[in-house]
Amino acid sequence: MMLLAVLMVWGLSACASEPAKVKSREPLTLSPSAVPKAQQYTSQGSSAYLAGQYDVAKTLFAQAVAAAPNSGEAHYNLGLALFKLGDSEAAREQFIQAANLAPGNKVIWDSPALSPYSSPDPNLQKKEKEHPYSNQRPSFGSGPRQ
């Protein structure tokens with residue numbers, strides 16, 4: 001009985017010590033209709049990115065964007081490299097461009113890389129919450145008393 005209790009405690013502690021899996025940010029492949037040169041740059045850039053060579057990846061992803069400027073995936077990949085290099089503002093621009101070019105791409109729109117920047121549409125106004133208390137006088141009736 002004691003052995004069973006020890007095994008249960010050990011099993012629970014082993015489960016509790018496993019780190020939570022965080023969805024990693026990985027470069028996306030371009031669509032098959034993309035220019036072959038852009039696909040080549042993307043493939044090489046993805047390899048460099050996954051190897052931690054973010055400067056090299058940035059250069060290759062920038063070449064992919066130049067070869068396929070209408071590819072949301074290419075802009076997203078460049079944004080990832082810029083984000084890893086600490087250039088948050090340039091990364092934000094690339095993520096927004098990617099979201100605009102790929103409106104149906106759930107990976108781009110729901111990615112953890114884009115979420116820190118909230119809505120990619122800068123023209124959307126956030127609705128201000130009404131305060132539950134007002135500093136205005138209550139109004140009763142249809143107007144001022146005479």
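This passage walks through a predicted model of a single chain, from its overall make-up to helices 2, 3 and 4 and the confidence behind them.

Starting with the broad picture, the chain comes to six helices and zero strands, so from the N terminus on the order of elements reads simply α-α-α-α-α-α, with helices taken as DSSP runs. Of the 146 residues, 29% are buried. Contacts between residues at least 6 apart in sequence include a good share of long-range ones: 45% of them join residues at least 24 apart. The exposed surface adds up to about 11000 Å², and 56% of that is supplied by carbon and sulfur atoms.

Confidence is worth a look before going into detail. The mean pLDDT of the chain is 76, with 59% of the residues at 70 or more. Among the elements, helix 3 has the highest mean value, 97, while helix 1 (residues 2-16) has the lowest, 52. Residues 16-22 stay under 50 in pLDDT, and the model gives this stretch zero contacts beyond four places in sequence. Residues 118-129 are also below 50, but there the model has four contacts beyond near neighbours in sequence.

Helix 2 covers residues 36-50, which is 15 residues. From first C-alpha to last it reaches 21 Å, close to the 21 Å expected at 1.5 Å a residue. Its buried residues are Ala38, Tyr41, Thr42, Gly45, Ser46, Ala48 and Tyr49. They sit on the same side of helix 2 because they cover an arc of only 165° around the axis. Pro36 and Leu50, on the other side of helix 2, are exposed. As for what covers the buried residues of helix 2, helix 3 (54-67) and helix 4 (72-84) are among the elements involved. Just after helix 2 comes glycine 52, which takes a positive phi of about 85°.

One residue of helix 2 gives a closer view of this packing: threonine 42. With a relative accessibility of 4%, threonine 42 counts as buried, since the cut-off is under 20%. A polar atom of its side chain lies 2.8 Å from the backbone oxygen of alanine 38, and alanine 38 is itself one of the buried residues of helix 2. Leaving out residues up to four places away in sequence, threonine 42 touches Leu28, Leu30, Phe61, Ala64 and Asn77. Two of these partners, Phe61 and Ala64, are among the buried residues of helix 3.

Helix 3 has 14 residues and spans 20 Å from its first C-alpha to its last, close to the 20 Å expected at 1.5 Å a residue. Ala57, Leu60, Phe61, Ala64 and Val65 are buried in helix 3. These residues fall on the same side of helix 3, because the arc they cover around the axis is only 145°. The face turned away from that buried side carries the exposed residues Asp55 and Ala66. Cover for the buried residues of helix 3 includes helix 2 and helix 4, just as helix 3 and helix 4 feature in the cover of helix 2.

Helix 4 also contains tyrosine 76. At a relative accessible area of 3%, tyrosine 76 is buried, because that value is under the 20% cut-off. Tyrosine 76 and alanine 91 are 15 residues apart in sequence, and their C-alpha atoms lie 8.5 Å apart in space.

Note on methods: Residues numbered from 1 in each chain as written. Predicted model: local features only at pLDDT ≥ 70, side-chain atom pairs only at ≥ 80, totals over all residues. Heavy atoms only, no water. Helix = DSSP H or I, 4+ residues; strand = E, 2+ residues; numbered from the N terminus. Expected span 1.5 Å × (residues − 1). Buried < 20%, exposed > 50% of the residue type's maximum accessible area, 1.4 Å probe, protein only. Arc of directions from axis to C-beta. Contact = heavy atoms within 4.5 Å. Polar contact = N/O pair within 3.5 Å; in protein donor to acceptor, adjacent residues only side chain to side chain. Areas by Shrake-Rupley, 256 points an atom, 1.4 Å probe, with all protein chains shown as cover. pLDDT = per-residue confidence, 0-100.
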